[in-house]
Amino acid sequence: MAAFQPSLECDNISNIHSEQTDSDLIQKTDERYRETLPNLPKGKGWITEHLVQYQGFWLTPNAALKILMWVQDHFKPRPTDIFLASFPKSGTTWLKALIFATVNRTRYGFADHPLLTTGPHDCFPFLDAHLQEKDRSRFDLDRFPSPRLLSIHIPYILLPNSMTDHQSCRFVYICRDPKDVLVSKWLFLNKLRPKDLPPISLEEAFELFCQGISHYGPFWDHVLGYWEASLETPEKILFLKYEDLKKEPLVVVKRLGDFLGYPFSLEEESKGVVEEIVKLCSFENLSTLEVNKVSEQKFSKDTIIDNRHFFRKGKVGDWKSYLTTEMVERLDEITYEKLLGSGLVFGS
Ligand code: A3P
């Protein structure tokens, strides 16, 4: 499915490459990738045979590593870009819908809103899609109108300076209790695991997760990277927790509007616009829409995911139905030790 484009107009951007130049640049990155890959440590993969460790983080060798290198080598941010960053299974889909609805709220009415017929991942694409879409006319970052809404799982310290130094481009980071992330991730990835590979048991997934061996893991390093950066530059990075969003969605959405430069006016508040956005993007609403039940989402050459898999339960604390007491104690202990002194805590 093509990415949803909010408007046909496009900015006059200086970084539009010709197709030829673009493919030359990508070829260079391909060379760097081919030279680097054989020398990287390997760990067991959750949906691929293995993950590779690159600059401290575990990535899928065919998709995530290649894309990361492309971003490091070539991506040109705009000052107006809005990035949603997350560790997978932390609430990315929900935040995509909320940010899209907040930023575009004067454009669309709630009765015929694009989110009713287009999935959050198409309204707010992953930056990766740029590299993966063969038909570039369907997804050309350079032609996206500003502000571009782009999503990433890339750890903060692996981002190029052009993204972290840039004074104006903004990041919203969503994190979640690692126990819920683990359970959500295990159930999700077992659905995507190729049929010729045996399913991964919860015990095995747990061990891998604790060792940090999971997509974009270690979880704690990922979260801390954005947490520390958000403390240094709060005007650039808004750090959110899934649990807070569940508890006080109206408060968090208003903070989101302020941070993104789209504050809600008193008139909008009195008309219930914030409530409408929260309702539109709620699990109960999005998960029952036809588009989120039937359509597929193409994430990479080999990974096509049914949209419905992004909506499972949407609850805080579902780990209680899956993890043993020993697992909970061990995971909580790792979390405590890793986050000690950082000021960041997760409720148990
Ligand atoms: P569960 O598996 O615990 O239900 P991501 O979008 O980062 O892949 O995260 C997926 C998790 O977010 C899943 O958690 C999913 O159910 C939940 N989720 C998706 N949409 C949501 C929404 N609108 N509100 C709350 N949770 C949502």
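**Entry 1: the three-stranded sheet**

I began with an open sheet of three strands, ordered 1-2-3, whose pairing is antiparallel. I keep in mind that this is a predicted model. I asked myself which strands stand at the edges. They are strand 1 (42-44) and strand 3 (57-59); each has a single partner strand, so one side of each is left without a neighbour in the sheet. From one strand to the next I get an average twist of 40°.

I then looked at how strand 1 meets strand 2 (residues 50-54): the two pair in the antiparallel sense over three bridges. As a landmark I picked Gly43, whose bridge partner in strand 2 is Leu51. Helix 2 (residues 64-74) packs on this sheet and touches strand 2 and strand 3. The direction of helix 2 makes about 30° with that of strand 2.

**Entry 2: the four-stranded sheet**

Next I turned to the open sheet of four strands, where the order is 5-4-6-7 and the pairing is parallel. Here strand 5 (149-152) and strand 7 (237-241) are at the edges with a single partner strand each, so one side of each is left without a neighbour in the sheet. Neighbouring strands of this sheet are turned by 20° against each other on average, direction ignored.

I noted for myself that strands of a sheet pair through backbone hydrogen bonds, either parallel or antiparallel. Strand 4 (residues 82-86) and strand 5 take the parallel option, over four bridges. If you want to find that pairing on screen, Leu84 has Ser151 of strand 5 as its bridge partner.

Which helices lie across these strands? I found helix 9 (residues 219-232) lying across strand 4, strand 5, strand 6 (170-175) and strand 7, and running at about 130° to strand 7. I also found helix 11 (residues 249-260) across strand 4, strand 6 and strand 7, with an angle of about 170° to strand 7.

**Entry 3: a look at Thr164**

I stopped at Thr164, which has its place in helix 6 (residues 161-164). Is Thr164 buried or exposed? Its relative accessible area is 16%, and because the cut-off for buried is under 20%, Thr164 counts as buried. Leaving aside neighbours within four places in sequence, I see Thr164 in contact with Tyr156, Leu159 and Lys236.

**Entry 4: aromatic rings**

I searched the whole structure for aromatic pairs and got 20. One that I opened is Trp70 with Phe75: the ring centres are 6.3 Å apart and the planes stand at 45°, so this pair is tilted. Trp70 and Phe75 are both buried.

Tyr156, already met as a contact of Thr164, pairs with Phe171. Their ring centres are 6.2 Å apart with the planes at 75°, so I logged the pair as edge-to-face. This pair links distant parts of the chain, with Tyr156 in the loop between strand 5 and helix 6 and Phe171 in strand 6, 15 residues apart. Tyr156 is buried and Phe171 is buried too.

I followed the ring pairs further and came to a cluster made of Trp70, Phe75, Phe83, Tyr156, Phe171, Tyr173, Tyr226, Trp227 and Phe239. So both pairs I had opened belong to it.

**Entry 5: lysines over rings**

My last look was at charges over rings. Lys89 lies over the face of Phe188, at 3.4 Å from the ring centre. I also found the charged end of Lys179 over the ring of Trp319, 4.7 Å from its centre.

Conventions. Residues numbered from 1 in each chain as written. Predicted model: local features only at pLDDT ≥ 70, side-chain atom pairs only at ≥ 80, totals over all residues. Heavy atoms only, no water. Pairing = 2+ DSSP bridges. Axes fitted to C-alpha atoms, helices over the stretch in contact; angles between N-to-C directions. Contact = heavy atoms within 4.5 Å. Buried < 20%, exposed > 50% of the residue type's maximum accessible area, 1.4 Å probe, protein only. Phe/Tyr/Trp six-rings, centres within 6.5 Å; stacked < 30°, edge-to-face > 60°. Lys NZ or Arg CZ within 6 Å of the ring centre and 35° of its normal.
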